[in-house]
Amino acid sequence: MVITHSTHDAPKQEVALPSALAGINSNVLDDAILKKLVDPDVYYALAQCRATGVPMDRGFADALAKSIREWAQSKGCIGYSHWFSPMRGAIHGEKLETFVGVDFATDRLIVEMSGTQLFQTETDGSSFPNGGLRKTHEAAAYIGWDTGSPPFVYRQTLYIPSTFVSWNGEALDQKTPLLRANMAVNELGVRLLSLLGDNETREVVCNVGWEQEFFLIDREKYLARPDLLAVGRTLLGAAPLRGQEMDANYFSRLSPRVSRYIAEARDIMWELGISIHCTHNEVAPAQHEISPIFGLANLVADTNVLAMDVLRDLAFDHDFAVLFHEKPFAGINGNGKHNNWSLSTDRGVNLFVPGKTDEDNRRFIAFIAALLRGINRHGDLLRCGVSTAGNDHRLGAQEAPPAIITLNLGERLEAHVNAVADGGRFGGYETDEKEIKVVAPVADIKANLEDRNRTAPFPWCGNRFEFRAVGGNQHIAFPLAMLNAILADSLKHMCDEIDAGKPADLVIRETIKENKGALFSGDGYSEALNAHARQHGLTHLKSSPEAYTALTADKNVELFSDLGIFNRHELTARQAVLQEAYASELYVEARALLRILRTLIIPVAIVDADVERASGFQSRLFDEKRKLVEQLLSETGKLDELLGAFPNDDPGQSAWYAHHELKPCMQSARIVADMLETLVDGRRWPLPGYSEILHHHQ
């Protein structure tokens with residue numbers, strides 16, 4: 001592969017690409033490759049299937065499957081798997097099958113993959129988290145190829161990105177709701193544009209660019225921590241001697257070992273069509289980030305999970321362990337996964353970019369008005385979309401956005417939008433960049449006219465919005481489905497108002513005026529936000545169990561039903577799955593902490609105290625350690641009792657119990673254990689400490 005460079009005063013020249021760049025897209029079967037492999041009528045039949053959902057003719061489907069199989073075999077594959085995302089976080093499911101069949105006429109083995117095998121397979125849905133949608137005696141579930149997300153080859157297997165639904169057609173996965181929400185945004189976005197005078201746009205699509213944060217630690221240290229093995233985060237641990245003071249790690253030079261790891265991971269991802277464009281060190285020690293270029297929402301939801309898989313798999317080869325948990329270490333920043341989100345049309349128009357004309361700005365502000373209404377009326381759904389046991393450690397903790405969901409436009413745009421609501425013209429918002437003079441020989445810097453607000457859960461960034469509250473260990477499909485759903489609901493509301501006879505401009509102005517309480521451009525970490533929320537009646541759901549209750553509120557059931565994203569049964573089931581996941585995570589954490597304290601920490605602390613007493617030199621330090629051991633024995637007793645009384649019958653009750661009973665008790669025990677760690681002889685402490693874990697490989 002070669003690339004052509006040119007300048008104004010030099011002829012074009014061809015430069016051979018490095019092998020890593022030459023391998024870009026080599027393991028992904030995108031449309032550019034597929035068009036070369038199949039006859040035009042087969043490709044056209046696939047395009048029709050993609051657009052309508054109507055199955056391909058069997059002959060065409062078999063021809064397509066044959067071409068895909070042969071391509072995969074040329075890559076060294078002997079089999080395939082549908083690749084889907086059950087409701088269990090960012091962990092995909094796979095069912096590995098070979099390209100081997102039987103010719104029953106001759107009883108000989110043959111190599112084949114039929115069209116039916118390509119497009120779907122069946123499995124037991126009752127063994128996955130399903131919230132009661134499937135039972136042991138009603139277990140059928142189906143995995144179907146999402147034809148908008150191309151197959152790819154990884155680990156000598158052809159993977160087919162897929163959805164996962166029950167025999168009744170109800171969603172059992174993360175992707176199906178996102179696809180439904182995307183469809184709603186498309187249909188209603190086109191409808192609103194038409195009502196605003198745009199009769200040429202035929203499609204509105206959602207584009208997303210994720211930013212994945214993660215920690216890299218020595219595998220040896222990881223294996224020596226039972227808490228990391230069990231739950232992916234440290235359940236105890238005193239502050240390191242050097243944390244993130246002076247932000248010394250942020251954008252600092254990658255260590256040689258980390259650099260080799262990330263470079264290899266990036267090369268693999270490029271081969272898989274994942275456009276990793278930026279890598280850097282994050283704020284906390286041993287923390288890093290990668291991010292790709294924007295792509296279609298359903299496709300990048302797949303590539304994010306695939307990228308996490310690549311990072312996990314490759315970590316083993318480099319003697320690392322990778323941690324995606326939202327808060328693997330106390331006292332330093334955790335892992336987020338910002339989702340940069342925008343809408344664009346099939347004519348190449350970004351709907352969240354202000355235009356040069358009044359008409360362009362009218363369109364821009366109309367979609368902002370819809371988003372503002374969605375956040376004001378359904379901020380509880382966005383909060384629910386980012387609610388996990390891990391993410392509760394981050395939200396509102398001076399490192400991540402607050403749990404109150406507001407829309408941040410920047411001071412200038414917010415003032416302009418408010419002026420429009422009061423009858424002002426749609427145009428007039430300046431989109432030119434400002435220039436910052438530094439000093440020669442540095443050229444003047446072009447900067448956005450709006451400053452950046454990193455405390456906002458949903459800030460405008462000039463050409464997109466950044467959903468900053470998504471957790472590092474989450475599957476992005478669910479929060480994106482919530483986001484697209486609330487936007488689609490507001491698009492529908494505005495369209496219905498216009499169709500009922502109201503002038504479009506009046507609908508836009510009224511929508512802003514009625515929902516402007518959700519606008520906030522101040523410091524999201526300050527008390528001012530809480531005061532603003534109280535003044536305007538904004539929802540403040542401080543914990544995940546609170547947020548989960550919102551999912552089945554009447555207004556939200558109506559929203560999802562009207563848009564065809566979830567029926568009431570699906571919502572109730574998904575709520576139960578979320579509650580069960582939260583309760584289970586805290587229950588496992590509590591059990592792991594109890595065992596670590598009883599079998600490792602307390603025995604070592606007692607031995608340490610006995611050695612000091614036997615030395616004949618007893619100090620105030622000895623008395624302090626003895627009191628802490630006694631206190632820790634008391635705390636473990638309480639934790640044991642709470643675990644014994646854990647309610648298992650009702651997911652909602654379990655989640656509330658875990659949050660209000662287990663979590664505070666675990667924190668109390670941790671405080672005592674962490675104090676002991678700072679007093680006990682470090683040579684005896686049974687676990688690698690934070691300093692060892694976070695700085696050993698740097």
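The following dialogue concerns a predicted model and the terms used to describe it.

Trainee: What should be known about the model beforehand?

Mentor: Local features need pLDDT of at least 70, side-chain atom pairs count only at pLDDT 80 or more, and totals for chains, interfaces and linings use all residues. Residues are numbered from 1 along each chain as its sequence is written, and side-chain values use heavy atoms, without hydrogens and water.

Trainee: Why is Gln156 called exposed or buried?

Mentor: Exposed means over 50% relative accessible area, buried under 20%, and partly exposed in between (1.4 Å probe, protein chains only). Gln156 has 53% relative accessibility, and therefore counts as exposed. Its phi is near 55 degrees, a positive value in a residue other than glycine.

Trainee: Why does Phe251 count as buried or exposed?

Mentor: Its relative accessibility is 52%, so Phe251 counts as exposed. The phi of Phe251 is likewise positive, near 55 degrees, and the residue is not glycine.

Trainee: What is the pLDDT over residues 1-10?

Mentor: pLDDT is the predictor's confidence in each residue, from 0 to 100. The chain averages 93, and 97% of the residues score at least 70. Over residues 1-10, however, the pLDDT is below 50. Where pLDDT is low, the predicted coordinates should not be read in detail.

Trainee: What makes the residues lining the largest pocket nonpolar, polar or charged?

Mentor: Ala, Val, Leu, Ile, Met, Phe, Trp, Tyr, Cys and Pro count as nonpolar, Asp, Glu, Lys and Arg as charged, and the others, Gly among them, as polar. By these classes, the lining has 18 nonpolar, 13 polar and six charged residues.

Methods. Contact means heavy atoms within 4.5 Å.
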